[in-house]
Amino acid sequence: MSDESLITKPLNNDFVTLPKDLYVLNSLAMGVAIQILAKVTGESIEDWKEYVGAKAGEQYRELSAEKMQEMVESLDNSRTA
């Protein structure tokens, strides 16, 4: 895997590396989910983006760098299996 295909984010003085394709897929899926939620509930896309962003941030802060890397590796392994 080339360096250009990775996204690395700092987390508590550690780094978690995520393949760009997984990052893009996750971002696109979340965008679609937010649009569907907005349509079904009648609430604005902006309200859902704020809510989902806050929840994701909360969950992100609770994960250790090791757990995040483990999750990324399990996703990467399932794609290549």
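**Exercise 1. Describe the two sides of helix H2, starting from its exposed residues.**

The face of H2 that points away from the buried side bears the exposed residues Glu46, Glu50, Arg61 and Glu62, where exposed means over 50% relative accessible area, buried under 20% and partly exposed in between, calculated with a 1.4 Å probe on protein chains only. Helices (H or I, at least four residues) and strands (E, at least two) are DSSP runs, numbered from the N terminus. The model is a predicted one, in which local features need pLDDT of at least 70 and side-chain atom pairs count only at pLDDT 80 or more, while totals for chains, interfaces and linings use all residues. Residues are numbered from 1 along each chain as its sequence is written, and side-chain values use heavy atoms, with hydrogens and water left out.

Next, turn to the other side: the buried residues of H2 are Trp48, Val52 and Gly57. Viewed down the axis of H2, these buried residues fall within an arc of 160 degrees, so they line one face of the helix; the arc is that of the directions from the helix axis to the C-beta atoms.

Finally, find the partner: the buried residues of H2 pack against H1, contact meaning heavy atoms within 4.5 Å.

**Exercise 2. Locate the salt bridges and explain how the paired residues are placed.**

Begin with the total, which is three salt bridges, each being a side-chain nitrogen of Lys or Arg within 4 Å of a carboxyl oxygen of Asp or Glu.

In H2, Glu46 pairs with Lys49, and their closest N and O atoms are 3.4 Å apart. Because these two residues stand three residues apart in helix H2 (residues 45-62), about one helical turn separates Glu46 and Lys49. Glu46 is exposed at 52% relative accessible area, whereas Lys49 is partly exposed at 42%.

Also in H2, Lys55 and Glu58 are three residues apart, about one helical turn, and they form a salt bridge whose closest N and O atoms are 3.8 Å apart.

In helix H3 (residues 65-80), Lys67 and Glu70 are likewise three residues apart, about one turn of the helix, and the closest N and O atoms of their salt bridge are 3.3 Å apart.

**Exercise 3. Judge the confidence of the prediction along the chain.**

Start with the average: the protein chain has a mean pLDDT of 80, and 74% of the residues score at least 70, pLDDT being the predictor's confidence in each residue, from 0 to 100.

Then compare elements: confidence is lowest in strand E1 (residues 6-11), with a mean of 60, and highest in helix H1 (residues 20-41), at 91.
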